[in-house]
Structure formats: structure tokens, C-alpha cells
Amino acid sequence: MKSAPIRARAIGVIRSPWTAAHGTPVQPAFAEGALGQVVIDPAYAEALTDIEGFDRLWLIYWFDRAAPYRPLVTPYLDDRPHGVLATRSPTRPNPIGLSAVRLVERRGCTLEVADLDVLDGTPLLDVKPYVPRFDAWPGRAGWLDDAPCETTRDDGRFGREPGSEG
């Protein structure tokens with residue numbers, strides 16, 4: 001299947017306390033209280049109008065430091081491999097990340113956020129409001145329903161840092 005090129009540009013940058021993948025929380029649910037900023041390019045300032053009314057935001061970003069694509073990965077919460085598209089591993093065909101963070105405050109083009117699980121300096125592609133009525137569906141969570149592991153911090157398996165796998 002051949003597709004036309006897709007163009008995307010960063011609309012800002014994510015600032016966080018996490019400067020290296022190793023030890024970073026693996027999901028916002030495990031990053032409770034971790035504070036950071038989403039710094040939006042001033043060209044998009046008007047696009048932030050009314051964002052203050054939301055408790056949570058979806059951050060869509062580029063995994064700029066992830067290891068290359070791998071079709072099978074052993075995710076943090078399991079001890080066996082799964083297809084990367086059945087995980088939230090960063091080693092994706094298109095390394096796009098998604099995190100639901102808590103909005104603390106807006107100051108101009110800067111969004112103060114909490115429960116942040118993203119590396120400092122990560123390019124931001126988009127922000128969308130988290131709407132519980134749309135985004136919280138009960139149901140099965142696939143292999144995660146029976147996941148045997150309790151890993152909540154990055155152990156280096158998906159990064160390009162020295163000593164990491166990949």
C-alpha cells in the first residue's frame with residue numbers, strides 16, 4: 001500500500017522533569033504529581049482559547065528519542081512479547097505518543113500540567129481536550145487485563161540511550 005506523504009509540524013515543546021527515559025513513568029497514571037509545561041508556539045496562541053475549562057488534556061507528541069520500529073515488543077506491564085500496535089511502546093511505525101495530563105493552569109502560551117510522563121524537550125504535535133463522556137469507555141483492555149508485571153518506570157528497553165536495547 002502506497003500513501004501520499006503526510007506533513008506534520010511541531011506546535012510547541014513539552015518541558016518536564018524527565019531528562020532521560022530510564023526511570024520516567026510509563027503512563028500518566030504512574031506520574032501522579034509530576035509537573036511540567038506545554039509551551040505552545042505563539043503562532044497558535046489564539047487556538048488555546050477556552051482551554052482553561054478542561055481538567056485534562058490529550059498531548060499528542062513525537063517520540064523523538066525512541067528506538068526504531070519493532071513489530072514485536074515486550075511491554076513494561078508484561079513479560080512476553082506483543083505486537084507493537086497492541087501496546088503503547090514508543091517503537092512504532094510512526095513514533096507518535098499520547099498522554100492524558102492534568103491541566104493546572106494556563107499562562108499565555110504555556111500550559112502548566114501535572115501527571116506528566118513525557119521526556120523534556122519532546123516535540124508537541126497537538127493538544128486536544130480530554131472529555132470523559134467521549135474518552136472513558138468501559139470494557140476489556142486486551143492482554144493488559146491479565147498483565148503479570150507492575151513496572152511503572154522506564155527501564156531503558158525502548159530508548160536510544162547507551163546500554164538500552166534496540
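In this predicted model, P81 makes contacts with V73 and T74, leaving aside residues up to four places away in sequence. P81 itself is placed in the loop that runs between β4 (72–73) and β5 (82–83), and its C-alpha lies 9.7 Å from that of P71, from which P81 is separated by 10 residues in sequence. The points below turn to the barrel and then to the two largest pockets.

**Barrel**
- Six strands close into a barrel with antiparallel pairing, and their order is β1-β2-β7-β6-β3-β8; neighbouring strands of this sheet are turned against each other by 45 degrees on average, direction ignored.
- Within this barrel, β6 (residues 96–107) pairs with β7 (residues 110–114) in the antiparallel sense over five bridges, and E105 has E112 in β7 as its bridge partner.

**Largest pocket**
- The largest pocket has a volume of about 990 Å³, and of the 41 residues that line this pocket, V26, Q27, F63, R88 and D117 are the closest to its centre.
- Strands β3 (56–62) and β6 each supply at least two residues of this lining, with β6 giving the most, namely five residues.
- By class, the lining of the largest pocket comprises 24 nonpolar, eight polar and nine charged residues.

**Second largest pocket**
- The second largest pocket, with a volume of about 160 Å³, is lined by I11, I40, Y44, A47, L48, I51, F54, D126, V127 and P129.
- Strand β8 (residues 122–129) contributes the largest share of this lining, three residues, while the lining of the second largest pocket divides into nine nonpolar residues, no polar residues and one charged residue.

How values were computed
Residues numbered from 1 in each chain as written. Predicted model: local features only at pLDDT ≥ 70, side-chain atom pairs only at ≥ 80, totals over all residues. Heavy atoms only, no water. Helix = DSSP H or I, 4+ residues; strand = E, 2+ residues; numbered from the N terminus. Contact = heavy atoms within 4.5 Å. Pairing = 2+ DSSP bridges. Axes fitted to C-alpha atoms, helices over the stretch in contact; angles between N-to-C directions. 1 Å grid on protein atoms, 1.4 Å probe; cavity = no way out; pocket = protein on both sides within 12 Å on 5 of 7 lines; lining within 4 Å. Points joined across faces, edges and corners; volume = space filled by probe spheres on them. Nonpolar A, V, L, I, M, F, W, Y, C, P; charged D, E, K, R; others polar.
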